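This report covers helix burial and helix packing in one protein model. The sequence and structure come first.

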Amino acid sequence: MWYASAIGFPNAHCLDVPSPVPSTVLYPHPPPPETCACPSTSSSPLPPSILGVPSEPFEGISGDMGDSNRRPGKRRKTWSPAKESRDDRALFQDLIDDLPDECLLLIFSLLPAPRDRCRCAAVSRKWLALQASMRRSEFGANAVLLPEARQEMSRCIKGSEANDWRLAAMAIGIDACEVLTHLSVVETLPSCPLPPLQHAGNHRHISDVGLFVIAQACTNLRSLALHNCIKVSDRGLAAIAQNCSALKNLELTNAFSVTDRGLMLIASGCPNLASLRLTACPSVTDRSLVAFSRHSTLLNSFAVAQCPLITDHGILSIVVLQTKLETLKISSMKLGDKVVQAIACHRKEIKLLSLEKVWGSSVIGYSWIAEASGLRALSLDACAGLTDGCFVRASSSISFAGLTKVSLKSCRSLTDLSLLALTKLPVKLENLHLENFRGAFSYRGLVFALENCSHSLKELNLVNCGFYGHGTEQQEGEPCFLLPQRCPALQTVKLEECEGLGDGFVVWVGQACKSVTDVSFVRMGSITDRGITSFLKQLKGWNEITRVDLSGCTRLGDRSVWAVTRECKGRLRSLALKGCGRVTDRGAAVITRRCGRLVELDLGGCNIGDEAVEKLVEGDPSDLESLSLAGCADITDRTLQALDEYGGLCLNRLNLTGCPRLSRSRVHLMKPYIDEVEY
């Protein structure tokens, strides 16, 4: 029911409306026949359509409502909207949208609270656009506006919440004391394309309408990330370019509707752009990159992936013309030797180069990388054409002068020669990451590589690698005498699914790496309780470990847990024992009693019951924020009762998935104490 003063008639009491119809009420539907008669509208200065009544009487009803023509003994028909014909239904539509935009803007300006304005914006596309176009100076005297003091904030919208209505409510409902500067939208990519009519009309996804609202309301936006927003087109980017000139970071993923036109407007309208990332944009060509190379003079980070229409010409324009470019990432693209040569010769400022699944370059092209004297980090992942010759040739000169981080992944053509050539160079290698090398590197090659960079290495990551061959591989349970005696700077050691490395390598970490603080042995089936116990004994007096991850080590049991908690004590902040089936109540019971400063504890898949959890709670871990008991089939409601007695401890997250003996009603009682409960 709409009031006359709410649709632009401030003096509704002065209207000449017949007495049967109230002077302040306009019916959106006809009144029931039993309650009132249909008045004649000839004497009213307003047309019948505005009054909300038909110009002709109802069918079958005379001026006296048809009482004289009603058949005796037959039940009287009552009015029902369901029985209303289609022609009659069209006469009684809500006519609020027929008002001019000026009248609607006047109504919106009188809304007192930001929450009311948000609700109005969710009514229709027209109301959303009108609300977004209003400025602070246009609101009435009764509107609630906070002071101009500003505070930056960030928002991330994911999954089903990523739609135009959510963006509208967020943009319009932002208090005046806050400014949205960072917005990230991660929409769920549909499994099948939407029908044309549904794709154009619904607002269950992010579209140009939502971006228009953000551009109008958040002019100080500095970072925008749109992932899987397939309905966003050049119009939405044009609104951003026109209103958000302070934009510094732009990320587009699966932007199927974005073309060169929208990106060229961004390049010219956002001169402060410093970071650009384009992933799976099939309609973007070299014209966009040329525009960014000319207008975005402050660009220092550029990443492009899966853009088939972008060629060497576009990438060359970025590399050659951008004088402040420091980070360059290219993935799933064709890359020629000229681009690699330009990176090495023209841009000494590039500090991070990442090439992932690129093709088209030869051995000569990859050899040019060594001439990039300013390079600090190099990442090569499944690059076609990359062989040992690229690094062997580079080792003859003063190559990679400033290189500190090397990451090699899935490069099947590389052998020990590449590993030795990189570590022999006169560089201070601090981070070495090897992933997906099964049989490519031998144990002997790993030993010599660690020896070459033992004094500078700070982080070692070996993931899904197999080290065999040459008759010098490590024997289980024996120490690694071939490894360097000291690695004084090594702080992080991560081994994940590595074959050929066992207890001996773990013992070497304890002997040579006295500064280690982060230890991760994930899914290492060759490591036993003996190795973990010996490793920690070697660190006695030097132990500074704060994080231990033993997930998936099926041969570890209570002895390892006792050793870790006894040696690390109060320094330990994170402990993960996920999938360690040999850990029982005896091992888990001492964790919180010895390590009272734990923040994260993962006991998923361990062979523990209610008694272990009760002992954990009795230890009163005041800093514990995350606890995972996923897959612990023996715990019952006693566990929840123990947690309930201590008010849920200080937990922010509790994982109870895969616990069939827990009752759902009892789990729900934990939600007042814990922010996130998974069950």
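The text below treats one mostly covered helix and then two helix pairs. The model is predicted.

Helix α9 spans residues 234-243, and seven of its ten residues are buried. These are Asp234, Gly236, Leu237, Ala239, Ile240, Ala241 and Asn243. The elements they pack against are two helices, α8 (208-217) and α10 (260-269), and two strands, β5 (223-227) and β6 (249-253).

Helix α10 also packs with helix α11 (residues 286-295). The geometry of this pair and of α19 with α20 is listed here.

| Helix pair | Axis distance | Angle |
|---|---|---|
| α10 and α11 | 9 Å | about 5° |
| α19 and α20 | within 9 Å | roughly 10° |

Angles under 35 degrees count as roughly parallel. α10 and α11 are therefore roughly parallel to each other, and α19 and α20 are therefore roughly parallel as well.

On the α10 side, the contact with α11 is made by Asp260, Leu263, Met264, Ile266, Ala267 and Ser268; on the α11 side, by Arg287, Ser288, Ala291, Phe292 and His295. By class, this contact has six nonpolar, three polar and two charged residues.

In the other pair, α19 covers residues 529-538 and α20 covers residues 558-568. Asp529, Ile532, Thr533 and Leu536 of α19 meet Arg559, Ser560, Ala563, Val564, Glu567 and Cys568 of α20. The contact of α19 with α20 consists of five nonpolar, two polar and three charged residues.

Definitions and conventions
Residues numbered from 1 in each chain as written. Predicted model: local features only at pLDDT ≥ 70, side-chain atom pairs only at ≥ 80, totals over all residues. Heavy atoms only, no water. Buried < 20%, exposed > 50% of the residue type's maximum accessible area, 1.4 Å probe, protein only. Helix = DSSP H or I, 4+ residues; strand = E, 2+ residues; numbered from the N terminus. Contact = heavy atoms within 4.5 Å. Axes fitted to C-alpha atoms, helices over the stretch in contact; angles between N-to-C directions. Parallel < 35°, antiparallel > 145°, perpendicular 65-115°, else oblique. Nonpolar A, V, L, I, M, F, W, Y, C, P; charged D, E, K, R; others polar.
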